[in-house]
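Reader: I am new to this structure. Please take one part and look at it closely.

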Amino acid sequence: MITGSNASKTPGSDYISRRFMRVWQRNLIVYGQNWKIGFLTPMLEPVFYLLAFGVGLTVMVGNISYRGIEISYPYFLAPALIAINIMNNAFFENTYSSFVRMYYQKTFDAMMATPLTLEEIITGEIIWGATKSVIATAIMLVVISLFGLIHYPHGLLILPLAFVGGIAFGSIGMFFTGIVPRIDQFNLPIFLFITPMFLFSGTFFPMQNLPLWAQHLAVFLPLSHLVKLTRDLSLGLLNMEMLWGLGYFVIFCLIFFPLAINKMRRRLIK
Amino acid sequence: MMEPIIEALHLRKAFGNLVAVDDVSFEVFPGECFGILGPNGAGKTSTIRMLYGFSPITDGSLKIFGLHISQNMRTSKARIGVCQQDNSLDPDLTVLQNLEIFGSYFNIPRKAGHERALSLLRFMALDHRKDTKAIELSGGMMRRLVLARALINHPDLLILDEPTTGLDPQSRHQVWEKLEELRAEGLTILLTTHYMEEASRLCDRLLIMDQGRILVQGKPPDLIRQYIGRGIIEVRAPVPALRMYLKSQDLHYEDVGHRLIIYLNDDDNLYHEISNKYCKEGCVMRMATLEDVFLKLTGRELRE
């Protein structure tokens, strides 16, 4: 009687209760141990970028036409910086940091010996990644508002947007954590996925400057939608097209969140 | 008859083609300390990982607290304390925080968790280090902290995977003392180990397994009596005449090259006979131990 391990039943069922918040709390407490360093990046990064690109490039670039209005380059750039940070915070939290917890610190092993289920652990991790995106976004909003580049009250909607975007990027990050054999192999998704998005999602220059095929390709990239949504909100340009962007993220999460849990289950439950 | 805390029947675990646990059946009763012994790779850890729901069973049946494991995992896990082989403490957090956060996974209210953590730290003699980061503790202290953490939910069953591996003798004895105290309080304990001294000292009953299968199962003194007998004579650098003598007398012995291990029979004069005639020095009579049973059953080859 030979039965493969994949054929056997998963104990604990794939059932998620509110208990996942315990995992989130654990990460929050650890984050609280060195929050000062955690706060530094989102505080300084926009300043550096706005000085380097904003001041340095504005003279050369001049105004940019966006949705029929003329805006100066810093207005164009600042929301993209927020969007990039939303992506990076969740993605890096649920790749490198989650991997360290899973593989080196055996945190998930310890949790799985408690009433927590694997599904709750992964959910807690992804919601935590999204929370880090929100924290970073809040800090950046404050800093960028000092430059007067955010339109209020619409700009406040960027906070819930950061949460949604964070879940999307955290889910795909966790998906990679479920499949990479070694931690240094995160280089591959970063080089092939994160870096091209960072450059070509309408972040530093309008997407219209790209050849048409590249513009069509960019429609599939989550960051391009996040940049558009963030930019519209920070410029106060509410429009119906934003629903498409939100719909994109809902579908993205519906695909990658279960996929992440599935890959982590395969990785951890043997 | 008391209902067993653990009831494993024909348990089997396969990873692809590799069968790690094969037809393992045993029961652990309330208040008992039960040991799973075996060389590295025998399937000890695979067996207990199924017990705390870490790993789905491939075949067989497994009941904990009278409930089938696959259906009642969350309720069962709430009543089990697990001390894993790997150190899984949160290095960035303090000793106290490690316990409090772990308590929250069991939905223990904050205040109750705090008090429980403090009393466990006193029990494990770690209360003076409660604000130290876990990463700064010594190996023995870390293990005691992991043990304290496994007790945070007042478990009805404590599962320990090699609780003293890598500890110095002082720390090991301290862990043993704590485990003996817990046992005296009536806690049911299941432990894996490859230290025979640990098993003889702590376990009421045990099983020895190798290559995924159970070799023997029973109480340590019974196993020693059954498989080794009353005692052992060890002879260093034996002379050839001794081997001849042993063969002629039809005695049980093991030849390890430069050493002979002779199992004592009912003849009280055997030791005098051997020590007087065949070895003036390097000849020792001693009590048989669990280690003798273990080596006899699992062989002396290295497991690597």
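Author: What follows looks at one strand of chain B, then at its surroundings. The model is predicted.

The strand is E3 of chain B, residues 33–37. Is it buried or exposed? Five of its five residues are buried, so the strand is largely enclosed by the rest of the structure. A residue counts as buried here if 20 or more other C-beta atoms lie within 10 Å of its own.

Next, the side chains. In a regular strand they alternate between the two faces of the sheet. In E3(B), B:Cys33, B:Gly35 and B:Leu37 point one way. B:Phe34 and B:Ile36 point the other way. Both sets are buried.

Which strands pair with E3(B)? One is E8 of chain B, residues 188–193. Five bridges join E8(B) to E3(B), and the two run parallel. There, B:Phe34 has B:Leu190 as its bridge partner. Another is E9 of chain B, residues 205–210. Four bridges link E9(B) with E3(B), again in parallel. Here B:Gly35 stands opposite B:Leu206.

Now the wider setting. Chain B is assigned two domains: domain 1 covers 6–224 and domain 2 covers 230–287. Taken over C-alpha atoms, their centres are 40 Å apart.

Chain B also touches chain A. There, 31 residues of chain B are in contact with 29 of chain A. Strand E1 (6–15), helix H2 (73–78) and helix H3 (95–105) of chain B each give two or more residues to that side. By class, the side has 15 nonpolar, 10 polar and six charged residues.

Notes. Residues numbered from 1 in each chain as written. Chains lettered and ligands numbered in written order. Predicted model: local features only at pLDDT ≥ 70, side-chain atom pairs only at ≥ 80, totals over all residues. Contact = placed C-beta atoms within 7 Å. Nonpolar A, V, L, I, M, F, W, Y, C, P; charged D, E, K, R; others polar. Domains from an automatic or database assignment. Buried ≥ 20, exposed ≤ 12 C-beta atoms within 10 Å, placed from the backbone. Pairing = 2+ DSSP bridges.
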